[in-house]
Structure formats: C-alpha cells, structure tokens
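Student: I'd like a close look at the shell around the ligand. Take me through that part slowly, then set it against the rest of the chain.

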Amino acid sequence: MTAPRQPAGEPVDERGASAPTETWAPVVRVEGLEQRYGSRVAVDDVTFAVEPATVFALLGPNGAGKTTTIETIEGYRAPSGGRVRVLGLDPRRDRGRLAARVGIMLQGGTLYPQATPVELLALFGGFFRDPVPPSTLIEALGLGAVAGTRYRSLSGGERQRLALGLALAGRPELLILDEPSAGMDPAAKAAVRSLIASLRREGRTILLTTHELADVERLADHVAILHHGRIVAQGTVADLTGGSEPAARIRLAEPLEEADLGRLAAALSSPGQRVTVHADRVAGSYRLAGAPMTPVLLRHLAEWCSIHGVGIEEWRVGRGSLEDRYLELTGDVTALGETGDETAREARARAGGGVPS
Ligand code: ATP
C-alpha cells in the first residue's frame, strides 16, 4: 500500500487560526473527556493525544471505558464533558469530512451474508476516491483461501480479518481498531501485528485497544492505561516499565508447594528487606521482588534451590514487563485471557500483595 495522500495532522494553533510557524497538531486530541451512562461515570477526565504516524494503545481491564472512549472519538457518542478533536475536526459535527480519512474496524456486526470478501472489499472501496485494490487487501490479510467464500460461512477470525481489510479500504490516515486481533489464531494475530507495523511505517496513525500486551510492547509508541474510567498511567512502554522495580524471574523444573514459597521468601529476606515470591501464570515460574537483586541475594537463591534439590530451568533479572506494570496498576488478570482458574486473591498477590497464602 502507498503512503497516505495527506499529512496526518493539520497545522493549527490553539485558537484555530493559521499558525504563525507551522506546527503539527496531534491526529487525535482528547481533553478532559467525561462520559456518563445515566448516573454512572464510565469515562472520567481522560486526556491524551495521539501523534501522527504513531501507534497508540489504550489498555485497561474489561469495563475500564476503552470502547466508550473509542466510540466517542469515532463520533458515535457525544461527550458528556470535555473535548475530542480528530485531525483537527469535531468527530460528530464533521463526521462527513472525516469519513474518508478515518478507518474504523466494525465490531461484531453482520455484513451481507451472501457476499464474499472480494465483493465486500470492492463495495467498500467504491466509497473512496483511491481505494486499495481488494486483491492487495486479501493478500495482506491472508484471506486468499476464502476470498470467494460467502460471508455467512466465514469463521469468526476470518470475519475479523475482513473487518480490518474494510477499515483499510480507503487508505485512511487514522485507523481506529477496537481489539483487532480478538478471536484470531496465532498466525492471524502475527499477520495483524506486522500489518500494523507496516501501516505505521507508511506514515499512518493507529489508535487501538487490545488485551495483547506482548503486541503492545512490540508495536506501540505510546500507551495509556485506563482503570475505572480514569487514566492511571501513560507514556512509552519504557516510561511505564521503568516504574517497576527490578525483579528476578525464575522458572523451576517443578512448581513449588505453597509452604515452600513462603520458606524461599523467608530464606531470601533479611532484617529490613522482605523479599516476596509471586507465582506467575505459567506453572513453576516465579517473580521475586522487594529487595535489590544483588549477587548475594541471587547466590542465596541458588543455594536454596541446591539444598532443596530444585532444578532451575531459567532465570532472568531486570525491570518488569508491561504486563507486570499493568497488573500493578489494575490488579486485573481476566483481561489477559485467563480462563478463571486463578482466584482474585492470587491476582492481588501477583499484583504486588506478596506470596499467596
Ligand atoms: P471491554 O474490555 O470489556 O470491552 P471497555 O474498557 O471497552 O471494556 P466500556 O465498554 O467502555 O469498557 O464500558 C465502560 C463501562 O460503561 C462499563 O462498566 C459498562 O458496563 C458501561 N457501559 C458501556 N456501555 C453502556 C451503555 N450503553 N449503557 C450503560 N452502561 C454502559
């Protein structure tokens, strides 16, 4: 696909008049956004800016307010308070002008059941002056095998890929994706990841919500974490993970008994320094925190494993991942694709509350 036809941002100044020296406004600017459903505040004083040719990821647990925020940016909801600008325009008042410049991935809707992906991509492309040829989108999205299959027979993941293709049909400057790879298999997720990276390289701007934190670490230039409708952290991935204290991560040959977890924590702790051992999602994986990971502490760890005959398969010392930071801030695990075998107590423990007891 080729570069966007127009620059992503618009030269403006704060008064809306021509700027004396050319400055580039953010592609999306959200200022003090509030959204209420009756008396319920779903989005509370949310402010962020999406810069041109960047990937901006909006994260948060279920019900945090991501979709509400995204739908307001798309112009589907009027703000209860605050202000939203997209490409310098009001997403509701200027919806017609924005339609050709903003690509939106439709969620869960049903398209013409008899139409095929090729026909639908051609139909959508017909709304735009310079559409991407359907064959290009079919190839980019790996839909070749089902290009001529009727929509009603496509799998959920194939429909999701097609929805992404439809959002791209008009070569949008801004692409808004609400959980783009939900329900996709790993290969399709990887395809979406590389597609987003290549769109960004072309100079397009991407605003997305997702629960795929590993993707966010690889792709996003800027991240905002929503929790109960408020932004609890935002910045680059490095900014966010820099706040996590360095921790050691170990993977043991066998998962430890719960009593042994406590014993290990006690063996590593010293007066004034309480080391905590957090069980990770993967059985046998643990995170140690609470004290600087000095060579002495690591030696104690190795000795404890040696004395107790515990094999170490992997160990790593460093700052936490985005997932660690996310969990610290939200205490959320269900959003990461857990199936419910982890209790809220364990989640709290992993989010910084110590060893599950
Ligand atoms: P998820 O990850 O589950 O998609 P989300 O972060 O996108 O969640 P929203 O869909 O924006 O969250 O919902 C935010 C809150 O607003 C939730 O508590 C939800 O129940 C509530 N809400 C959303 N839409 C409506 C509505 N139409 N009427 C009343 N409450 C709503």
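Tutor: Let's start with the overall fold. Among contacts in the protein between residues at least 6 apart in sequence, 67% join residues at least 24 apart; two residues are in contact here if their C-beta atoms, placed from the backbone, lie within 7 Å. Keep in mind that this is a predicted model, where local features need pLDDT of at least 70 and side-chain atom pairs count only at pLDDT 80 or more, while totals for chains, interfaces and linings use all residues. Residues are numbered from 1 along each chain as its sequence is written. The protein has 12 helices and 13 strands, which are DSSP runs numbered from the N terminus (helices are H or I, at least four residues; strands are E, at least two). Of its 357 residues, 39% are buried. Buried means that 20 or more other C-beta atoms lie within 10 Å of a residue's own, exposed means 12 or fewer, and partly exposed is in between, with C-beta atoms placed from the backbone.

Now to your part. Around the ligand you'll find Tyr37, Arg40, Ala42, Gly60, Asn62, Gly63, Ala64, Gly65, Lys66, Thr67 and Thr68. Two elements, strand E2 (40-50) and helix H1 (66-73), each give two or more residues to this shell. A residue counts as near if its C-beta atom, placed from the backbone, lies within 6 Å of the molecule. H1 supplies the largest share, three residues. By class, the shell has three nonpolar, six polar and two charged residues. For that split, Ala, Val, Leu, Ile, Met, Phe, Trp, Tyr, Cys and Pro are nonpolar, Asp, Glu, Lys and Arg are charged, and the others, Gly among them, are polar.

So what about H1 itself? Seven of its eight residues are buried, and the helix is mostly covered. Lys66, Thr67 and Thr68, which sit in the shell, are among the buried ones. Further along, Thr69, Ile70, Thr72 and Ile73 are buried too. Just after H1 comes Gly75, with a positive phi of about 90°.

The other contributor, E2, has a quirk of its own. Asp45 is found in that strand, and it takes a positive phi of about 55° although it is not a glycine. Asp45 is partly exposed, with 14 other C-beta atoms within 10 Å. His228, in the loop between strand E8 (222-227) and strand E9 (230-235), is also a non-glycine with a positive phi, about 50°. It is partly exposed, with 15 other C-beta atoms within 10 Å.

For the wider setting, H11 (residues 322-330) makes a good companion to H1. Seven of the nine residues of H11 are buried, so the rest of the structure largely encloses it. Among those buried residues are Asp324, Arg325 and Tyr326. Gly331 follows H11, and its phi is positive, near 60°.

Last, a helix pair. H9 (residues 258-268) and H10 (residues 295-307) pack at an angle of about 140°, with their axes 9 Å apart. Axes are lines fitted to C-alpha atoms, for helices over the stretch in contact, and angles run from 0 to 180 degrees between N-to-C directions. That makes H9 oblique to H10, since angles under 35 degrees count as roughly parallel, over 145 as roughly antiparallel, 65 to 115 as roughly perpendicular and the rest as oblique. Leu264, Ala267 and Leu268 in H9 meet Leu297, His300, Leu301 and Trp304 in H10. Those contact residues divide into six nonpolar, one polar and no charged.
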